[in-house]
Amino acid sequence: MQQYANHLDTLRVRYQTALSANGYDQVIINAGQLTYYADDDHAHPFHPYPFAQQWLPYRLVPNTFVVISLHDKPRLIWPAQEDFWHVSPQEPQGEWTEHWRITGAMTLKDWLPSLSGNIAWLGPVPTELNQLAPQIAVNPSGMKSTLAYQRAYKTPYEVQWLIEASERGVAGHRAAKQAFYEGLSELEIYRAFLTASGQREIDEPYPGIVGVNASAAVLHYEHKSPRRPDSARTLLIDAGAQANGYASDITRTYTTSDGLFGALLADMDVLQRNLVAGATVGTAFPELHTRALQGVADILRQHKLCTLSVDEQMAKRIPQVFYPHGLGHLLGLQVHDLTGHQIDIMGTVQKPTEEAPFLRLTRTLETDMVLTIEPGLYFIPMLLKHMTDTHHQHGCDLTLIEQLMPFGGIRIEDNILVTAQGPRNLTREAFVDSAG
């Protein structure tokens, strides 16, 4: 309870400072409303607006609002609607409610007109807002950029939810690993993950990726084949869990190979651990990504997949053929948490360079940030063809690479808390032993 109270104090200071700096008396944060499929009354899965979810210790439902003012207690407005078609929302309960002024309301007009002063609004915009309060400043960029930037710094309360999300995700990964070694299908492996992590598909923080064999080379592989493979060579599973809206994002690769692919996997695990060790305060994340590219180049050279030196490979961008994505991203209430490219509270953006166009994080690492570290090595036909078409002196052993293509690829991803004492690996802690 004290952790939550301290978390609220931190948020109130952030918000009240932002309100004063931008000339507002209060801000309304909308958790969101249901949206629907085209020409249907079937709603999309609901994901609360993260700025609202950050304030509360339960999973928010549609039509929930948070009101933060310069001087008053935070106010929670919950949807007091009766509905015989669905489960009716209940008034929030618990010890934590002593920190809140809680009001039930059926519609916006039940409470919005009573607010006064200069008001900001964050979140999705209901159609009736402009009619009820046209003077409200909707999603003002200055205030939003400040608050979004600060979300990268996690409070101890938030870290505990991230730890729980990691533990749930790891439970699913253990079950998926077992299912793979039993020769089950992608769909069966996925179901094992969901069951062990205590989730339904719509509860996941992102759609889980379960790629067996060559499918492991598709970075965001969408399918989950119900057919069991004739030969199970590789499993790449990229899947996480949620705890009170906070996400884990975990990837593991497993193989039945005790040959070259198995050796590549072992070396990639060593590289990933070394990169995690480098996630220290003051490290510019793009520099860590460059180290990852160099590490991949060294693995290619050591295993004779490419005869060029590391420097020659870097000059010709050979590592990007086998490792085309970024090293990681911020993690929190969103899997790809906001402001990975925002380097100050004013909203200044530092885009990634041409050498790493898909890098989602360009900030310098600071205490209390949580991020992912996820190097990869893949055998992607499209990228290999492009390499052979454009680099005649690529130095790669295409025959050896052809033998590895049925294995797909490798990705290993952990969730890391940056501390003054060094990086804390939430994922490996959840696996308990270092063999995870």
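**View 1. The whole chain, in which buried residues make up 53% of the 436 residues.** Here buried means under 20% relative accessible area, exposed means over 50%, and partly exposed covers what lies in between, with a 1.4 Å probe and protein chains only. This is a predicted model, in which local features need pLDDT of at least 70 and side-chain atom pairs count only at pLDDT 80 or more, while totals for chains, interfaces and linings use all residues. Residues are numbered from 1 along each chain as its sequence is written, and side-chain values use heavy atoms, with hydrogens and water left out.

The protein chain holds 13 helices and 16 strands; both are DSSP runs numbered from the N terminus, helices being H or I with at least four residues and strands E with at least two. The C-alpha trace spans about 75 × 45 × 45 Å along its principal axes. A compact globule with 436 residues would have a radius of gyration near 22 Å, and the 24 Å of the protein chain agrees with that. The radius is taken over C-alpha atoms, and the globule rule is 2.2 Å times the number of residues to the power 0.38. Of the contacts between residues at least 6 apart in sequence, 71% join residues at least 24 apart, where contact means heavy atoms within 4.5 Å.

**View 2. The annotated binding site, with Asp249, His329, Glu374 and Glu413.** The name "binding site" comes from an unreviewed UniProt entry; UniProt positions are given in the numbering used here, feature names are shortened, and annotations may be inferred rather than shown by experiment. The four residues span 165 residues in sequence, yet no two of their C-alpha atoms are more than 10.8 Å apart, so they gather at one spot. Asp249, His329 and Glu374 are included in the lining of the second largest pocket. On a 1 Å grid over the protein atoms alone, a pocket is an open set of points with protein on both sides within 12 Å along at least five of seven lines, and lining residues have an atom within 4 Å of a point.

**View 3. His329 and its surroundings in the loop between helix 10 (319-322) and strand 12 (370-373).** His329 counts as buried because its relative accessibility is 3%. What does its side chain reach at 2.9 Å? The partner is the backbone oxygen of Val335. Such a polar contact is a pair of N or O atoms within 3.5 Å; within protein, one must be able to donate a hydrogen and the other to accept it, and residues adjacent in sequence count only if both atoms are side-chain atoms. Leaving aside neighbours within four places in sequence, the contacts of His329 include Asp249, Glu374 and Glu413, as well as Arg360 and Thr372.

**View 4. Glu374 in the loop between strand 12 and strand 13 (376-378).** Glu374 is buried, with a relative accessible area of 9%. Not counting residues up to four places away in sequence, Glu374 touches several residues, among them Tyr323, His325, His329, Arg411 and Glu413.

**View 5. Thr234 in strand 8 (residues 234-239).** At 0% relative accessibility, Thr234 counts as buried. A polar atom of the Thr234 side chain lies 2.8 Å from the backbone oxygen of Phe407. With neighbours within four places in sequence left aside, the contacts of Thr234 include Phe180, Asn213, Tyr254, Phe261 and Phe407.

**View 6. Helix 7, residues 260-277.** The 18 residues of helix 7 should span 26 Å at 1.5 Å a residue, and the end C-alpha atoms are 26 Å apart, which agrees. The expected span is 1.5 Å times one less than the number of residues. Buried residues of helix 7 include Phe261, Leu264, Leu265, Met268 and Leu271.

**View 7. Cys306 and Lys304 in the loop between helix 8 (285-302) and helix 9 (310-316).** Is Cys306 buried or exposed? With a relative accessible area of 0%, Cys306 is buried. Lys304, in contrast, counts as exposed at 60% relative accessibility. Phi of Lys304 is near 60°, a positive value in a residue other than glycine. Apart from neighbours within four places in sequence, Cys306 is in contact with residues including Leu300, Gln313, His394 and Cys396.

**View 8. Asp39 in the loop between strand 1 (26-30) and helix 2 (50-53).** Asp39 has a positive phi of about 55° although it is not a glycine. Its relative accessible area is 84%, so Asp39 is exposed.

Key
1 Å grid on protein atoms, 1.4 Å probe; cavity = no way out; pocket = protein on both sides within 12 Å on 5 of 7 lines; lining within 4 Å.
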